[in-house]
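Good morning, colleagues. I ask for a few minutes of your attention while I walk through one chain, element by element. Please look at the sequence and the structure as they appear.

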Amino acid sequence: QIHSPLVDRLQGQGGQVEIRPSMASLYREASRVLEQVEKGKSVKQAAMGNASDSSNPRRSLALVSGVVSQRRALEKAMHKSGIWKELERVGQSQRSLALVAAYDLVAGQGLPKKRKAGGKLLRVLRTNEKQLRMEFKRNGGNVIEQKDANQENRRRRFARLNPLAGADLDTIKKQLDAHLIQDTHVPNLIEFPSSFATTLNASHSLVTCGHLILQDKSSCFPALALIGEKWSGGDILDCCAAPGNKSTHLAALIKGSKSRVIALDRDPQRFDVLKQRIIEARASDTIETRLFDCLALEPHHIPNVTAVLLDPSCSGSGIPGSSARTLKSERLAALASFQLTALTKFLTCFPAVDKVVYSTCSIHHVENEQVIAKALQATQGTFELVHCLPSWTRRGSATIDGLPEHLASRCLRVDPQFDAMTGFFVALFQRVKPSSNSLLLPPSLIFKQRQQEKRNMKRKLKRLKGRRARNIDTPTTTSSIPTTVPPPIETVTRKRRRTTKKKSADYDQDSGCSLVATKKRCLFSS
């Protein structure tokens with residue numbers, strides 16, 4: 001039984017309330033987030049604030065983002081289709097609930113498949129669906145046609161075994177009693193049927209105790225690309241770490257080493273979620289959390305860090321059901337500017353850092369390949385783009401204003417439509433060693449290095465000439481004979497060798513000169 005003001009009101013009117021708990025809770029969570037957005041919070045802040053109480057925070061975030069981006073067209077369509085008249089006495093919270101459900105109907109994943117589910121609210125939406133879609137499209141809304149019944153089931157579901165909590169695959173299989181498939185790309189990652197998603201959720205005992213972490217396969221790629229087959233040592237920095245799945249994955253991959261993970265986030269609410277996730281994953285001994293802005297970092301703050309995982313704020317256009325694919329170019333340009341600033345900082349300002357992974361859950365080239373191309377120019381050849389995770393076949397895209405084909409193929413992409421996962425982009429930078437081939441450097445830098453070498457050689461020759469001139473001009477002195485100009489260096493050396501061999505009485509042992517030759521020079525000079 002579900003209790004809410006809307007349900008009580010519908011029951012008083014004789015409506016049959018048969019909303020499934022999972023769908024009802026999802027719409028209520030999204031409506032609460034929407035109310036906080038209306039009070040002035042950003043969508044991500046509001047969603048992260050309710051993440052601990054949410055059964056599906058990713059889906060809730062996608063719903064609220066869609067409502068916010070297309071609210072004007074949605075409200076006009078609901079008004080012209082007559083839906084507001086039938087729900088005119090519904091309060092503010094129920095109004096936000098109706099907006100969320102209406103958006104899910106016309107531009108989301110659709111309402112529950114059961115025709116009787118949802119009571120009067122969903123029945124009204126279904127009755128006016130055709131007119132609602134028509135008005136929504138007429139007012140500028142981005143209409144997504146009703147999906148096929150099997151399209152949602154086609155999306156792949158994953159969970160990661162947590163070795164920090166002592167998770168074992170055989171034990172997990174016995175407890176779940178489901179057909180689990182071990183992934184071939186990511187270690188300790190299992191895939192389970194979509195029909196099992198309602199059972200294996202955030203409230204499942206295996207998830208709450210930390211043995212399983214619900215994480216999409218594509219979001220496991222950044223940590224896996226950074227660590228590689230074997231970790232070389234040193235601390236790891238995870239920038240913009242909340243909600244913490246990548247941080248805990250890094251901690252699991254370096255288990256048994258002396259390295260640690262430093263997880264940063266500057267938002268207090270997201271930081272609280274990060275700390276809670278780390279405690280649930282039993283990774284507190286390996287992960288150090290800091291409430292800090294990654295752009296304010298200096299080398300002395302992280303002296304032992306040798307690798308950086310940068311997953312900055314992005315449009316989120318790779319998230320299924322997200323409306324960020326239609327963002328304005330100005331917003332995308334602002335996001336790309338921030339991403340480039342953060343990436344360039346870690347590539348140029350931290351001499352101890354040898355590896356940097358850049359990743360986004362975006363499908364836009366302006367946030368991915370174009371950022372990588374500009375960052376490579378800023379490094380001036382100190383870093384190179386490495387072919388990350390070669391076993392994954394879908395690679396980056398070459399564009400005129402982005403990366404050429406041979407560099408784009410070194411990046412990794414996940415397509416949400418064809419791969420049935422969250423869209424992702426991953427690129428791996430590695431510092432170029434001094435002994436590396438100079439062909440890896442751009443021609444302009446090679447020319448500058450050669451010019452600098454020529455200047456250094458000229459300075460060196462000039463210093464050598466100066467030393468030789470000083471040696472020639474320096475007079476030879478004795479304690480009893482006045483100072484005079486010595487013969488050339490070769491002559492002195494030759495006479496010194498001859499006198500040493502003869503060992504005559506005319507040879508002065510203290511000054512190292514022939515007394516006869518010295519007297520002759522004095523007489524000649526006088």
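Let me begin with helix 16, whose buried residues are Leu332, Leu335, Ala336, Gln339, Ala342, Leu343, Thr344, Lys345, Phe346 and Leu347. Here, buried means under 20% relative accessible area, exposed means over 50%, and partly exposed is in between, with a 1.4 Å probe and protein chains only. Helices (H or I, at least four residues) and strands (E, at least two) are DSSP runs, numbered from the N terminus.

Before I continue, a word on the source. This is a predicted model, in which local features need pLDDT of at least 70 and side-chain atom pairs count only at pLDDT 80 or more, while totals for chains, interfaces and linings use all residues. Residues are numbered from 1 along each chain as its sequence is written, and side-chain values use heavy atoms, with hydrogens and water left out.

What covers the buried residues of helix 16? The cover includes strand 5 (235-239), strand 8 (305-310), strand 9 (355-360), helix 17 (369-379), strand 10 (383-386) and strand 12 (424-431). Contact, throughout this talk, means heavy atoms within 4.5 Å.

Helix 16 runs over residues 329-348, and its end C-alpha atoms are 28 Å apart; this agrees with the 28 Å that its 20 residues should span at 1.5 Å a residue. The expected span is 1.5 Å times one less than the number of residues.

One residue of helix 16 deserves a closer look: Gln339. Is Gln339 buried or exposed? Gln339 has a relative accessible area of 0%, and therefore counts as buried. Leaving aside neighbours within four places in sequence, Gln339 is in contact with Pro312, Ser313, Cys314, Tyr358, Glu367 and Val371. Gln339 and Val371 are 32 residues apart along the chain, and their C-alpha atoms are separated by 7.3 Å.

That brings us to helix packing. Two packed helices are described by the angle between their axes and the distance between the axes. The axes of helix 16 and helix 17 cross at roughly 35° and come within 9 Å. Axes are lines fitted to C-alpha atoms, for helices over the stretch in contact, and angles run from 0 to 180 degrees between N-to-C directions. The crossing of these two helices, 16 and 17, is right-handed; a crossing is so called if the near helix is turned clockwise from the far one by less than a right angle, and left-handed if anticlockwise. On the side of helix 16, the contact is made by Ala336, Gln339, Leu340, Leu343, Thr344, Leu347 and Thr348, and on the side of helix 17 by Val371, Ile372, Lys374, Ala375, Ala378 and Thr379. By class, this contact of helix 16 with helix 17 has eight nonpolar, four polar and one charged residues. Ala, Val, Leu, Ile, Met, Phe, Trp, Tyr, Cys and Pro count as nonpolar, Asp, Glu, Lys and Arg as charged, and the others, Gly among them, as polar.

I turn to a second pair. Helix 5 (residues 71-80) and helix 9 (residues 129-138) pack at an angle of about 135°, with their axes 8 Å apart. That angle makes helix 5 oblique to helix 9, because angles under 35 degrees count as roughly parallel, over 145 as roughly antiparallel, 65 to 115 as roughly perpendicular and the rest as oblique. The crossing of helix 5 and helix 9 is right-handed. Ala73, Leu74, Ala77, Met78 and Lys80 in helix 5 meet Gln131, Leu132, Glu135 and Phe136 in helix 9. The residues of this contact divide into six nonpolar, one polar and two charged.

Ser81 lies in the loop between helix 5 and helix 6 (83-86). Ser81 counts as buried, at 6% relative accessibility. Not counting residues up to four places away in sequence, Ser81 touches Asn128, Gln131 and Leu132.

Some details of the backbone follow. The peptide bond from Ala242 to Pro243 is cis, with omega near 10°, and Pro243 is found in the loop between strand 5 and helix 14 (245-253). Arg282, although not a glycine, has a positive phi of about 60°. Arg282 is partly exposed, with a relative accessible area of 46%. Ala420, also not a glycine, has a positive phi of about 55°. In contrast to a partly exposed residue, Ala420 counts as buried at 7% relative accessibility.

To close with the whole chain: there are 21 helices and 14 strands, and of the 526 residues, 47% count as buried.
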